[in-house]
Amino acid sequence: LEVAAKRDAEAWAATVEADIARGTYRKQTGEKTTLGELLTRYRENVTPRKRGARVETYRINALLATDSHARKLVCRFVSGVTPADVAKWRDGRLKVATPSTVQKEMSLLSSVFAVASQEWGLEGLLNPFKAIRRPKVHNARDRRITPLELEAICGATGSPELALLLRLGVETGA
């Protein structure tokens, strides 16, 4: 057993030394830090300085919740989160959330990786969210007010002039 462990260690060392010699060695960071820990740190240190802090805090808490769809993702060590993991999470999330929500969550998680890499000393940490496609957002609405709804609104105004302006606005597309 000791011989096999020594052989494995020597093989690993040879691989790292070869990568260093080629200039392709990347220091593995985040081997002991989970994405959930980074999210918590981000929520405490970065989010409060933002204008949309309340909404972002809510979004982070939802990602950290024990029953969330992101649970498998946030429990992983950040060095082990791959674009394939993110794509799997995205596809699962799209089954229960709108593309806009998933896009906002992806942007948040991408920002967490960026801050961790640039400011928190996790050099060499690759951002898997940059490598995958974002869902397309279709926010266009195709609904017009019905004649019954328009009559109800005009009747509720109590002013014939305002009702006339409302009808004019609807007819002209204003």
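In this tour, a residue is called buried when its relative accessible area is under 20%, exposed when that area is over 50%, and partly exposed in between. Keep those cut-offs in mind, and remember as you click around that the model is predicted.

**Stop 1: the whole chain**

Start with a cartoon view of the protein chain. Which kinds of element can you count, helices or strands? You should find eight helices and zero strands. Followed from the N terminus, the order reads α-α-α-α-α-α-α-α.

Now turn the model around and look at its outline. Along the principal axes, the C-alpha atoms fill a box of roughly 95 × 35 × 30 Å. The radius of gyration of the protein chain is 26 Å, whereas a compact globule of 174 residues would have one near 16 Å.

Switch on the surface next. The protein chain has an accessible surface of about 12,200 Å², and carbon and sulfur atoms account for 55% of that. Of the 174 residues, 29% are buried. Among contacts in the protein chain with a separation of 6 or more, 62% join residues that are 24 or more positions apart.

Before zooming in, colour the side chains by charge. The protein chain carries 29 positive and 20 negative side chains, and the centres of these two sets are 2 Å apart.

**Stop 2: Arg-76 and its partner**

Side chains of opposite charge can pair when their charged atoms come close. How many salt bridges are there by the rule used here? The count is five, and this tour visits some of them.

Select Arg-76 and Asp-85 and show their side chains. They meet in a salt bridge, with 2.6 Å from N to O. Is Arg-76 buried, partly exposed or exposed? Its relative accessible area is 33%, so Arg-76 counts as partly exposed.

**Stop 3: Arg-93 and Glu-105**

Move along to Arg-93, which sits in helix α5 (residues 83–93). Here too there is a salt bridge: Arg-93 pairs with Glu-105, and their closest N and O atoms are 2.8 Å apart. This pair links distant parts of the chain, since Arg-93 belongs to helix α5 and Glu-105 to helix α6 (residues 99–118), twelve residues apart.

Both partners, Arg-93 and Glu-105, are buried. For Arg-93 the relative accessible area is 17%, which is why it is called buried.

Show what surrounds this residue. Leaving out residues up to four places away in sequence, Arg-93 touches His-69, Thr-101, Val-102 and Glu-105. For a longer view, draw a distance from Arg-93 to Gln-118: these residues are 25 apart along the chain, and their C-alpha atoms are separated by 28 Å.

**Stop 4: Leu-109 in helix α6**

Stay in helix α6 and select Leu-109. With a relative accessible area of 1%, Leu-109 is buried. Which residues does Leu-109 touch, not counting those up to four places away in sequence? They are Leu-35, Leu-39, Leu-63, Trp-89 and Phe-129. Try one more distance: the C-alpha atoms of Leu-109 and Leu-73 are 11 Å apart, though 36 residues separate the two along the chain.

**Stop 5: Glu-56 in helix α3**

Go back towards the N terminus and pick Glu-56. This residue lies in helix α3 (residues 53–64). Glu-56 counts as buried because its relative accessibility is 13%. Setting aside neighbours within four places in sequence, Glu-56 is in contact with Tyr-42, Thr-47, Lys-50 and Leu-108.

**Stop 6: Cys-75 in a loop**

Next, leave the helices for a moment. Cys-75 is in the loop between α4 (71–74) and α5. At 44% relative accessibility, Cys-75 counts as partly exposed. Draw a line from Cys-75 to Leu-64 and you will span 9.0 Å between C-alpha atoms, for residues eleven apart along the chain.

**Stop 7: Arg-167 and Glu-151**

Finish with another charged pair. Select Arg-167 and Glu-151, which form a salt bridge whose closest N and O atoms are 2.9 Å apart. This pair links distant parts of the chain, with Arg-167 in helix α8 (residues 160–172) and Glu-151 in helix α7 (residues 147–157), 16 residues apart.

Are the two partners buried, partly exposed or exposed? Arg-167 is partly exposed, with a relative accessible area of 31%. Glu-151 is also partly exposed, with a value of 45%.

Definitions and conventions
Residues are numbered from 1 along each chain as its sequence is written. This is a predicted model: local features need pLDDT of at least 70, side-chain atom pairs count only at pLDDT 80 or more; totals for chains, interfaces and linings use all residues. Side-chain values use heavy atoms; hydrogens and water are left out. Helices (H or I, at least four residues) and strands (E, at least two) are DSSP runs, numbered from the N terminus. The radius of gyration is taken over C-alpha atoms; the globule rule is 2.2 Å times the number of residues to the power 0.38. Buried means under 20% relative accessible area, exposed over 50%, partly exposed in between (1.4 Å probe, protein chains only). Contact means heavy atoms within 4.5 Å. Accessible areas come from the Shrake-Rupley method with a 1.4 Å probe; for residues, only the protein chains shown count as cover. Lys and Arg count as positive and Asp and Glu as negative; His and the chain ends are not counted. The place of a charge is taken as NZ of Lys, CZ of Arg, CG of Asp or CD of Glu. A salt bridge is a side-chain nitrogen of Lys or Arg within 4 Å of a carboxyl oxygen of Asp or Glu.
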